[in-house]
Amino acid sequence: MSPTFESRRPRILYLAFYFPPSRASGVYRARATANYLCDCGWDVTTFASPLRFLYEAVGSVDEELLKTIDPRIRIERPTLDMFDWEHDLRQFSGFRGMFPLLARKIHVWQQTINFPEKYASWGWASVRHALRLHARRRFDVVLATGNPFASFAAAWLFHRLTKVPYFLDYRDSWTLNLFTDSPAFSMDSPVWKWERRVLSNASGVVFVNNALREWHAARYPRVADKMMVVPNGWDPDLLQIESAVPDEDAARRPLRFGYLGTLTQNQPVEEMAEAFHRARRHPELAEAELDIYGHLGFFRNSPPALLKRLGIGSGEADQPQPTSESGIFVRGPVPKTEVATVYRNLDVLVFLAGGGRYVTSGKIFEYMASGRPIVSVHSPDIAAREVLEGYPLWFSANSLDPDDIAQSMVAAGKAARDLSIEQIVKARQFADRYTRKILLAPLEERLRAVVR
C-alpha cells in the first residue's frame, strides 16, 4: 500500500533557475523559499541553472551562499542550449561553424514557435527531467519563480501532462517594464498569449508588492482571486545582528555612508554621487566617505561605465581611482555571510534603487534590520515607500534633485552621530515583521491547502 499524504513529506518541485551559487538579485528569495519549505516538512527538489552557465556565461557566483542551502534539498540542473552565450568559435557546433547565419535564423525561429525566451531550452529540459522523477515518485505541487519565465511555461506543461497543480512566483515582472511603468512588449507579441495561458491554469500567483498584484489583476481579472502578495524580506541566518550598541566613535570621526548591493545602469548613480559631493560641504559631513560594496553590474564588461557614472573612472577598462576629493570608494563584492560586518561598520545606509512605483527591492529589508539611518535615492513614487514609511530612521528627499538628496544625507548624518540604543531597538523591531519566515508562511499554507 502506498503511503498517504498525511504519512509522508509532501513533495514539491521548485523551478528556480537562479539558485545558489548564482548571485543574481532574486537568488536570496529562492534560497529562503527552498530552505523554509524544507523546514516546514516538505520534500524539496529544486531545478536550477547549469553550473556552466553561471561560471562561463554570467561569470558571477557566490560559493559561500551555496553552503547555506539545507542539505536535504535535492538540486538538479537541467540542460540549457548555450547558443546565445557562446562567442568562442571553438565551442560552436560543426553546423554553426560552417553556416553561422543560417544557424542563428533557425535558432530564432525555434524560439518564436516554441517559447519567446532564450532560456526556453532549459524549460523544456526541466519538463522532461521532471516527468522522469515524477514517474518514480510523484510530485504533489510545483512552484515556479521567474525570471526567466521559461520556468512558468515548464510548470504549465508539466501540469498539462500530469495534472499536478502549480504556483507562479513573480519575483520579477514579465510583461511590465519596471523602469518605464509601461508594457515590456508590443501587444502582438506571443508573450501575452503565454502569460494568459500560464496564469489561467495556475492554482496560485504570487507578487512581491501590492502594486504589481493590482497591475496584473487588472489585466487578468479572472485570475485575480488566485493572486497574493509575498514581499521580499531579510534572512536572520545570513544577517547576524549584534546587540544594539551605538558606535561611540561616530561623534568624533568622519561619517561612513554605504551602499551594499549590485550597482546597475538602471539606478540614479549620478544623482547619488553628485548629492554626496554637495553634502560633504556641510560641516557635519566633512571628510565623510561613501563606500560602495558589491558588484558593478551583472556582467564582466559592466564596471567601466558604472565607474564613469560614479565620477571615479573614464569609462574605459580602467580601475577606479578614488580620491579624498570625491570621497567615493568602491570596496568590491562581499560574501553574503560577511554582510553583517559591513553594516556594523557603516553609519548611514544609502538606498539606491531604479524604477518607479512597481519596484520594492529586496535590499531595503536588510537595511532596516541593521537599525541604521537610511537615505533614499530613488523615484519618489517607488513601491518601496510602502515599506519604509514606518521605519523610524528613514530620510527621504521625495525627489531625485541632488540638492534635496544632499539635505537628506546631512540629516541622516546628524541622526547617526546622536543615535541611541532606544532608536536602534525601535528600528529593528520594525524590521522584525519582515523576516522571511513570517512573510513566507502564508504561501506555505496555500501550497499545503492545494495539495490536500
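The largest cavity in this predicted model has a volume of about 40 Å³. By the rule applied here, the count of cavities of 30 Å³ or more comes to 1. Rolling a probe the size of a water molecule over the atoms shows where empty space is left. The lining of the largest cavity is formed by Arg29, Thr33, Val230, Pro231, Arg436, Leu439 and Leu440. Of these residues, 4 are nonpolar, 1 is polar and 2 are charged. Two helices, H1 (27-39) and H17 (436-451), each contribute at least two residues to the lining. Helix H17 provides the largest share, with 3 residues.

From the cavity one may turn to the chain as a whole. The protein chain has 17 helices and 15 strands. It comprises 452 residues, and 56% of them are buried. Among contacts with a separation of 6 or more, 74% are between residues 24 or more positions apart. The accessible surface of the chain amounts to about 20,100 Å², and carbon and sulfur atoms account for 52% of that surface.

Helix H7 deserves a closer description. This helix covers residues 150-162, and its 13 residues should span 18 Å at 1.5 Å a residue; the C-alpha atoms at its ends are 18 Å apart, which agrees with that expectation. Because 10 of the 13 residues of H7 are buried, the helix is largely enclosed by the rest of the structure. The buried residues are Ala150, Ser151, Phe152, Ala153, Ala154, Ala155, Trp156, Phe158, His159 and Thr162. An α-helix has 3.6 residues a turn, so residues three or four places apart point the same way. Which elements do the buried residues of H7 pack against? Their partners are strand S1 (11-15), helix H6 (120-136), strand S4 (141-146), strand S5 (166-170) and helix H8 (190-200).

The segments on either side of H7 have features of their own. Before the helix, proline 148 lies in the loop between S4 and H7. The peptide bond that leads from asparagine 147 to proline 148 is cis, with omega near -10 degrees. Just after H7, lysine 163 takes a positive phi of about 70 degrees. Proline 165 then lies in the loop between H7 and S5. With a relative accessible area of 18%, proline 165 falls under the 20% limit and is therefore buried. Setting aside residues up to four places away in sequence, proline 165 touches Asp140, Val141, Val142, His159, Ser203 and Val450. One of these contacts, His159, is also among the buried residues of H7. A further relation joins distant parts of the chain: proline 165 and leucine 447 are 282 residues apart along the chain, yet their C-alpha atoms are separated by 9.3 Å.

Another buried position is found in helix H9 (residues 210-219), which contains histidine 216. Is histidine 216 buried or exposed? Its relative accessibility is 0%, so histidine 216 counts as buried. Apart from neighbours within four places in sequence, histidine 216 is in contact with Tyr170, Ser173, Thr175, Glu195, Phe207 and Met227. Valine 205 stands 11 residues from histidine 216 along the chain, and the C-alpha atoms of the two are separated by 10.0 Å.

The remaining points concern the backbone. Most residues other than glycine have a negative phi, and most peptide bonds are trans. A cis peptide bond, with omega about 15 degrees, joins proline 20 and proline 21. Proline 21 belongs to the loop between S1 and H1. Helix H1 is one of the helices that supply at least two residues of the cavity lining.

Positive phi values also occur in later loops. Serine 361, a residue other than glycine, has a phi near 80 degrees. Serine 361 is placed in the loop between strand S13 (348-352) and helix H13 (363-369). Its relative accessibility is 24%, so serine 361 counts as partly exposed. Asparagine 398, likewise not a glycine, has a positive phi of about 60 degrees. The loop that holds asparagine 398 runs between strand S15 (394-396) and helix H15 (402-417). At 46% relative accessibility, asparagine 398 counts as partly exposed.

Definitions and conventions
Residues numbered from 1 in each chain as written. Predicted model: local features only at pLDDT ≥ 70, side-chain atom pairs only at ≥ 80, totals over all residues. Heavy atoms only, no water. 1 Å grid on protein atoms, 1.4 Å probe; cavity = no way out; pocket = protein on both sides within 12 Å on 5 of 7 lines; lining within 4 Å. Points joined across faces, edges and corners; volume = space filled by probe spheres on them. Helix = DSSP H or I, 4+ residues; strand = E, 2+ residues; numbered from the N terminus. Nonpolar A, V, L, I, M, F, W, Y, C, P; charged D, E, K, R; others polar. Expected span 1.5 Å × (residues − 1). Buried < 20%, exposed > 50% of the residue type's maximum accessible area, 1.4 Å probe, protein only. Contact = heavy atoms within 4.5 Å. Areas by Shrake-Rupley, 256 points an atom, 1.4 Å probe, with all protein chains shown as cover.
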